[in-house]
Amino acid sequence: YFGTELGSFLIYPAQARSSCADYDLRLRPWYIEAAMPEPKDIVLIVDTSGSMVNNQRLSMAKQAASVVIDTLTGEDFATIVSFSSSSLALGCGTSSSGKLRRGTPKAKKEFNAFINAM
């Protein structure tokens, strides 16, 4: 494999693909670790108010949040807060409410479930 910071990508020996639409090398672990070698602390804040329904803004915000969650590694920490007339943090009502959580596969599933429920 060969990948550059500009997005060029080469596989040798080559593999036939009918479409590259489902492959984004920017989401590959080796690319993420090379592009962002330092651990990240991320707080995603998503507006879920009524105005976000217009022009599918909420669905685009949820999709963008999921992409950010998918780039987390085990060294990163994150949490999600949604707000409308009041705020709701991931894990609300538990001891982990509002705390940054390590980007483990289990936590990523919980992050995405929270995003989908918004």
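# Exercises on a predicted model

The protein chain has three helices and six strands; helices (H or I, at least four residues) and strands (E, at least two) are DSSP runs, numbered from the N terminus. This is a predicted model, in which local features need pLDDT of at least 70, side-chain atom pairs count only at pLDDT 80 or more, and totals for chains, interfaces and linings use all residues. Residues are numbered from 1 along each chain as its sequence is written, and side-chain values use heavy atoms, with hydrogens and water left out.

## Exercise 1: The chain as a whole

Task: State the order of helices and strands along the sequence, and the share of residues that are buried.

Solution.
Step 1. Reading along the sequence gives the pattern β-β-α-β-α-β-β-β-α.
Step 2. Apply the burial classes: buried means under 20% relative accessible area, exposed means over 50%, and partly exposed lies in between (1.4 Å probe, protein chains only). Of the 118 residues in the protein chain, 27% are buried.
Step 3. For the surface, accessible areas come from the Shrake-Rupley method with a 1.4 Å probe, and for residues only the protein chains shown count as cover. The protein chain exposes about 8,100 Å², and carbon and sulfur atoms supply 56% of that area.
Step 4. For contacts (heavy atoms within 4.5 Å), take those with a separation of 6 or more: residues 24 or more positions apart account for 60% of them.

## Exercise 2: Salt bridges

Task: Find how many salt bridges there are and describe the surroundings of each.

Solution.
Step 1. Side chains of opposite charge can pair when their charged atoms come close. The rule used here asks for a side-chain nitrogen of Lys or Arg within 4 Å of a carboxyl oxygen of Asp or Glu. The count by this rule is two.
Step 2. One is between Lys40 and Asp76, whose closest N and O atoms are 2.9 Å apart. Lys40 lies in the loop between helix 1 (29-35) and strand 3, and Asp76 in the loop between helix 2 (57-70) and strand 4 (77-83), so the pair ties together parts that are 36 residues apart in sequence.
Step 3. Classify both partners. Lys40 is buried because its relative accessible area is 14%. Asp76 is buried too, at 2% relative accessibility.
Step 4. The other salt bridge joins Glu110 and Arg101, at 2.2 Å from N to O. Glu110 is partly exposed, because its relative accessibility is 27%.

## Exercise 3: A charged residue without a partner

Task: Which side chain of opposite charge is nearest to Lys108, and how far away is it?

Solution.
Step 1. Locate the residue: Lys108 belongs to helix 3 (residues 105-117).
Step 2. Sort the charges: Lys and Arg count as positive, Asp and Glu as negative, while His and the chain ends are not counted.
Step 3. The nearest side chain of opposite charge is Asp70, 5.7 Å away; Lys108 is buried yet has no salt bridge.
Step 4. Leaving aside neighbours within four places in sequence, Lys108 is in contact with Ile69, Asp70, Leu72 and Gly103.

## Exercise 4: The nonpolar core

Task: Which element gives the most residues to the largest nonpolar core?

Solution.
Step 1. A nonpolar core is a set of buried Ala, Val, Leu, Ile, Met, Phe, Trp, Tyr and Cys residues joined through side-chain atoms within 4.5 Å.
Step 2. The largest such core has 16 residues, and Leu44, Ile69, Leu72, Ile80, Phe111 and Ile115 have the most contacts inside it.
Step 3. Two or more residues each come from strand 3, helix 2, strand 4 and helix 3. Helix 3 gives the most, with four residues.
Step 4. Take Phe111 as an example. Apart from neighbours within four places in sequence, the contacts of Phe111 include Ile69, Leu72, Ala78 and Ile80.

## Exercise 5: A nonpolar patch on the surface

Task: Which residues make the nonpolar surface patch of about 350 Å²?

Solution.
Step 1. Patches are made of residues with over 30% relative accessible area and no salt bridge; like charges are joined within 9 Å, and nonpolar side chains (Val, Leu, Ile, Met, Phe, Trp, Tyr) within 5 Å.
Step 2. The patch is made by Val43, Ile45, Phe83 and Leu100.
Step 3. Ile45 sits in strand 3 (residues 41-47). Ile45 counts as exposed because its relative accessibility is 58%.
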